[in-house]
Amino acid sequence: MSDSEAVPDSYVAVADAPTLREEGRTVTNAEGTPIVVFFHEGEFRAVNNRCPHMGFPLEEGSVDDGVLTCHWHHARFELSCGDTFDPWADDVESYPVEIIDGTVYVDPDPQRDEPPTVHWATRLEDGLEQNLRLVLAKSAVGLLGAGVAPVEPFETAVVFGTKYREGGWSSGLTILTALVNRLDDLAGKDRERALYQGLVQVASDCADQPPKFDQEAFEATDVPFERLESWFRENIEVRDADGAERVLRTAVASDCSPEQLTELLTVAATDHRYLDTGHRFDHLNKATEALDHIGWDHPETADVLASLVRGLANAQRSEELSAWRQPYDLASRCAESFDRLDEMVAEGAGSEWTEPDEFTDRLHSEEPEQVYDTLDEAIRNGASVEQLARAVAFAAGKRVAQFSTANEFNDWNTVHHTFTFANAVHRAAQRAPSTPLYRGVYDAATNVYLDRFLNTPAAPVPGVDEGADPDEEIRGLLHCFEMEGEVNAAGRYAANFLDAGGDPARLKAELGGALLQEDTGFHTFQALEAGLRQFDLRDDPEEQRVLATAVARYLAAHYPTRREREQTFSIASRLHRGERIHEDGGGAEAAADDD
């Protein structure tokens, strides 16, 4: 624009042009936007003064050969447009510049090519592809802060995770789905934390992994479901993942219902005992829950379900393990009941089963035959697969609540695997009940039996304290999470909070919020989600106390951690608010201010 022309309304004066030519750069605050203007190679260039990586002032950077370099982490930007050479840094915003009557004017609020929601959705994909933790944190904060529904970034991550990991569904997608399942428990920043934690796990799972190359569905889409199920089971039986995937994709292409697709998977998953210590069934459950969120009519439904096939085909089968064969042949005893399943179900048809008193104690028996007789009798008396799965899930949860800390630390995983497997079987029984699914219930009950020594001596379920104060119990619980070894105290505080009439919603929010600040692993996320899901299903206060105790004890056993992921999230949140984190060092105080 030449001299004497009118200044556009949106532009503001920022510098005297001759002075800026001589000094090379200047900083201004244009209508609340910090802008640095450079004179370089005969041109005036304006960009946001905050480095998009971590907010360091770009006025302190250097410009050479058209490249602006931030001196904090050496992020580089093409000066004329602000695009970065380093994807971990993000592009810096640039601003139009005009020279009018010897004055430099800048438009601090130009129309952008894309709205923030599109920008952060793109950055989410960048973060997933390149495993960039800070980019994922910024994306979670930016998307939810812009009002985007959590299911949208969740959908992006599910599609990414099933496409870019040859091994298929694994812990990352399981964690993400578990956290999205519990979003309603959380408020404020914890919802952003939950999304961020899940995204980080998916990106990490896929990092340096080859992508998955898909098999095709058969051209024939009029094959009866019963035949598809038989073919799928046969291919899983002989560990032919490619053949099984083609059958599964054909079932999806044939418009099989969600219940049929779930049954096809669960029947094959229970043809053998307790695959991969229960992980395969839990992955199956989480994949179906993911489709509940994004829709079973999603274009990538076949890809999501196909991501389970390799794991099912290659899984370790527990009947091959000595623990299931010696000193008591548990696998053969299960098979005896399985041979009678149709007969037992027919005998119980038309009967209404109510869980007897002491049912959990019978499932906790020292004698395996009593455990199996208890299950057989329940089915003959009309127990549905959902009812029986629910009862066994509670028995498994009580094992966690009474886990003896005299055991080795890794033994927590053993009772945990049983509980999360039992929870997954119960969820499948709600979704697609079938006679073969009783086999999963027997598998869970068998592991409840095998875990008996981990309750020796059994940690007592905390006694009722009706005089407890809810606020004090929550403070005590959170204090336990800051200390090592406060396992029993944590369980007591959680139970006594309920005794005092504390709101269960508050307890769930506090447990979730504490989890999300830790560098916890796969099992801890599972423990929270499964425990709270079973808690929500109960009306009996005593059962709720047991499950709350189980969750609190398991979490306390695994806290505190280094909290590196929380530091990254805190940085992203503070940058989103426009804070100058380079000036005060951030740290614990800043993290505490996030809420």
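Visitor: How many salt bridges does a search of the whole structure find?
Guide: This is a predicted model, where local features need pLDDT of at least 70, side-chain atom pairs count only at pLDDT 80 or more, and totals for chains, interfaces and linings use all residues. Residues are numbered from 1 along each chain as its sequence is written, and side-chain values use heavy atoms, with hydrogens and water left out. A salt bridge is a side-chain nitrogen of Lys or Arg within 4 Å of a carboxyl oxygen of Asp or Glu. By that rule, the search of the whole structure finds 43.

Visitor: Is R545, which forms a salt bridge with E542, buried or exposed?
Guide: The closest N and O atoms of R545 and E542 are 3.6 Å apart. Both residues lie in helix α24 (residues 541–557), three residues apart. Buried means under 20% relative accessible area, exposed over 50%, partly exposed in between (1.4 Å probe, protein chains only). At 4% relative accessibility, R545 is buried.

Visitor: Which strands stand at the edges of the open sheet?
Guide: Helices (H or I, at least four residues) and strands (E, at least two) are DSSP runs, numbered from the N terminus. Two strands pair if DSSP finds at least two bridges between them. The open sheet has four strands in the order β2-β3-β4-β8, with antiparallel pairing. Each edge strand has a single partner strand, so one side of each is left without a neighbour in the sheet: these are β2 and β8.

Visitor: What is the bridge partner of T28 in β3?
Guide: Six bridges join β2 to β3, and these strands run antiparallel. In β3, the partner of T28 is I35.
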